[in-house]
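Please open the structure in your viewer and keep the selection panel at hand. This tour tells you what to select at each stop and what you will find there.

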Amino acid sequence: MAVFKHPQILIASNLADGEVVFLGQSGWERDHCRARVAQNAEEAAALEAAGKRDVSANRVVDVYLADVEIGRDGAPTPLHYRERMRVKGPSVRLDLGKQQLPGSAA
Amino acid sequence: MTAVDLRVAQRPNAPVTTYRYDEYDAAFVRERVAEFREQVLRRLSGALTEEEFRPFRLMNGLYLQLHAYMLRVAIPYGTLTARQMRRLADIADRWDKGYGHFTTRQNLQYNWPKLVDTPDILEALADVEMHAIQTSGNCIRNVTADHFAGVAPDEIEDPRPTAEFLRQWSSLHPEFSFLPRKFKIAVTGAEHDRAAIMVHDVGLRILRNERGEIGYQVVVGGGLGRSPFVGKVVGDFVPREDLLAFLEAIMRVYNRFGRRDNKYKARIKILIHEKGIDEIRAAVEAEFAAMDRSVFSHDPAEFERIASFFAPPPYETLPETSSALRTAKLETPAFANFVDVNVSAHKIPGYAIVTVSLKPIGGIPGDATSEQMRVLADASERFGFGEMRVSHEQNIILPHVKQDDLFALWRLLEPAGLATANAGLVSDIISCPGLDYCSLATARSIPIAQAISKRFADMSRQRRIGKLGIKISGCINACGHHHVGAIGILGLEKKGQESYQITLGGDPTFSASIGEILGPGVTADQVPDVIEHLVDFYLAEREEGEAFIDTWRRIGHVRFKDVLRREGEDGADI
Amino acid sequence: MALISEGRFVEDAWRRLADEEALPKTGRVIVSLPRLEHALEVLGTESALGVIVPNTTEPSSLIQALPRLQLILISFPAFSDGRGFSLARLLRRAGFKGELRASGRLVADQYSHAIGCGFDTIEIPEDLAERQDEGQWCAALDAYSMSYQRGYTGRGSILEARRRAARS
């Protein structure tokens with residue numbers, strides 16, 4: 001299986017509260033650093049299948065894969081500016097969103 | 001977060017200045033809340049899939065955005081009481097993050113509510129006769145109106161009774177709740193259009209004929225978005241008697257024949273563009289003739305009942321001008337600037353209309369903290385019969401302030417960051433939330449507004465430039481009305497980067513026009529430079545008393561394009 | 001398909017005829033629109049006739065047939081496609097007195113809209129009926145005590161109630 005040029009993570013929104021979540025090793029994580037990273041199509045398909053299951057189970061909505069690059073610290077950072085916004089929060093309110101949480105990289 | 005006491009303090013002496021619910025309205029809104037509570041539970045249980053739930057949550061103002069859900073609260077025709085404003089502040093503190101965003105449709109958006117909390121928020125809104133019904137979805141949206149309604153000197157009739165009449169008619173309409181696309185109605189009753197009726201799905205202009213009867217010019221098929229159009233007249237003078245029947249006829253024609261194969265071609269403007277206004281007018285007239293109009297015929301008693309709520313508050317008899325105001329202006333230059341820029345003429349002698357700018361230099365256009373909302377509520381109670389308006393320019397209007405009280409009002413607003421003297425000036429920028437919040441956006445818009453605002457931070461320079469509307473949208477859907485900005489800015493994605501397309505010559509009034517594209521897109525960093533060049537060129541070219549749009553119309557688009565080309569050759573990569 | 005009438009799941013007394021099936025001499029049958037003209041010619045008064053029509057049907061094309069029809073089904077290609085609501089209105093206006101049925105993936109939340117526009121019954125696929133049980137359809141009927149519009153079927157018009165209150 002060919003390795004992706006850009007690995008991928010699975011992004012979704014939590015149904016009940018709307019927060020952005022990432023599929024991790026054991027369920028959905030609110031911190032993208034804990035996201036499971038797919039390095040090839042097979043792993044990406046596994047992520048998507050898990051996502052689809054949780055859509056059916058009414059836990060998450062709007063599930064999709066996003067291309068990332070892995071930083072030196074191992075954290076996956078989305079390539080597109082839209083998803084980069086989603087892992088942090090509004091760029092005009094640095095006091096809000098995930099970026100304001102303790103230990104946030106942003 | 002500390003719990004907020006949500007008991008509603010009702011000032012006994014507050015005059016009625018806007019519509020109040022009767023038992024039927026109150027029951028209806030409570031039933032909608034109860035229905036939505038069930039809908040949320042059914043969504044969580046899976047009885048409703050997301051696809052099924054989406055239209056119903058949207059029809060109740062709830063979106064799923066980039067970071068969280070977003071709840072859009074309806075502020076019908078932009079009119080708000082102090083009690084309601086305080087409630088909005090309380091909700092922001094209890095269920096959101098202490099602020100709200102006033103929108104170009106005179107509504108308020110909360111950016112962080114949880115789905116599971118939304119029914120409680122709606123319940124708290126219902127306590128103060130508010131709701132989020134039809135602030136989104138493919139239905140008839142919140143009806144907007146002139147924010148100077150009832151107080152403008154150029155008014156023929158207050159548009160709000162009509163708007164309220166239509167709000168009720170359109171609420172949970174059995175037939176028109178699953179339209180091809182959204183449907184927006186705006187009403188004005190004045191000689192100057194402050195409600196942008198030419199760029200709505202239906203725009204209503206109240207007219208008086210030679211016999212002194214009131215009727216409506218009905219404009220249809222205006223709109224912004226991907227394919228902007230200026231509306232066309234479908235009825236020259238529809239008597240009030242026939243208004244509802246005429247609107248039903250328009251809606252039925254649209255519901256049946258509007259395109260449903262492509263959501264970008266589903267608005268009524270495309271139907272009219274493709275079929276031609278004459279064919280649509282004929283279809284509307286045929287439908288109007290065929291229907292049983294007796295059930296829609298005007299109900300004068302009901303209209304009067306509604307109109308009575310909008311009666312003028314108990315104004316005092318005052319001299320035309322205030323000597324206290326004159327003195328205060330002389331003594332306090334900053335206040336004088338505020339009065340000169342943010343205060344408009346009122347139809348009653350001795351009174352004034354005050355625009356409270358939600359556009360502090362470098363701030364987020366339209367955002368207000370819960371504390372600011374409370375200051376506004378206090379200010380309106382102390383100085384303005386407890387009434388406020390939200391303008392589609394995303395500012396708050398205090399519509400009845402005594403000129404004698406202006407200085408005291410200014411001193412109350414100033415420490416709260418609510419006295420920026422820029423109403424209508426270059427830094428009074430309309431901006432949608434853009435990619436900082438919105439899941440549809442292709443680029444950010446707020447930081448662009450902030451950068452332009454900072455570039456023109458010098459207020460005396462702003463006053464020298466004069467009235468100039470800059471409008472920014474973060475995607476082609478044009479919530480920031482960029483097409484009708486004298487200067488419009490549209491954020492797009494170009495090769496994985498945010499890119500901004502600039503248009504000139506837009507006009508949202510009766511003389512409506514859609515802006516023309518200036519040239520290739522520029523980067524976010526370049527936008528303030530480009531705007532500055534354009535403004536400087538305008539200043540150099542303008543004739544006495546000429547607004548930006550007038551200069552642009554007189555000398556032509558090409559001259560403005562040339563400026564940028566020349567600047568580009570001088571080194572700036574524009 | 002599951003059939004909903006007055007908030008209950010009920011037995012369907014009608015049979016939808018495939019286009020290749022022969023027309024029975026008696027009973028309640030539903031034919032497709034292209035077959036309607038033929039069915040009207042062939043069938044006598046001892047059989048009850050229904051027709052299923054697309055939501056884009058021009059009501060005038062059914063005018064002649066209306067007195068002979070006892071059931072009209074309007075198909076909803078998607079629940080969010082509201083054309084069927086206007087068509088129902090227009091058929092009622094044209095004087096149709098028989099059963100009007102909405103057919104498609106309508107959700108319970110649209111029940112009062114359908115009733116308001118003149119529908120009597122709704123038929124939905126079984127998988128939807130499993131998720132949206134009778135209780136939900138029944139509750140949807142009672143969600144609103146009154147509505148703002150006049151001239152639509154329903155629990156009562158707020159405007160009418162206000163008129164009455166003003167008179168008394």
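The stops below go from the chains and their contacts to the strands of one chain.

Bear in mind throughout that this is a predicted model. Begin by colouring the structure by chain, and ask which chains share the most contacts. Of the 2 pairs of chains in contact, that place belongs to chains B and C, whereas no contact joins chain A and chain C, whose closest C-alpha atoms lie 13 Å apart.

Next, select the side of chain C that touches chain B, where 33 residues of chain C are in contact with 33 residues of chain B. Helices α2 (83–93), α3 (111–116), α5 (134–141) and α6 (158–167) of chain C each supply at least two residues of that side, and α6(C) gives the most, with 5 residues. If you colour this side of chain C by residue type, you will find 14 nonpolar, 12 polar and 7 charged residues.

Now move to chain A and select strand β1 (residues 3–14) together with strand β5 (residues 60–70), which pair in the antiparallel sense over 6 bridges. To see one point of this pairing, show I9(A), whose bridge partner in β5(A) is A66(A).

Keep β5(A) selected and add strand β6 (residues 76–78) of chain A, which pairs with β5(A) in the antiparallel sense over 3 bridges. Here E69(A) has T77(A) in β6(A) as its bridge partner. Finally, select the 5 residues between the strands of this hairpin of β5(A) and β6(A), and look at G74(A), which takes a positive phi near 85 degrees.

How values were computed:
Residues numbered from 1 in each chain as written. Chains lettered and ligands numbered in written order. Predicted model: local features only at pLDDT ≥ 70, side-chain atom pairs only at ≥ 80, totals over all residues. Contact = placed C-beta atoms within 7 Å. Helix = DSSP H or I, 4+ residues; strand = E, 2+ residues; numbered from the N terminus. Nonpolar A, V, L, I, M, F, W, Y, C, P; charged D, E, K, R; others polar. Pairing = 2+ DSSP bridges.
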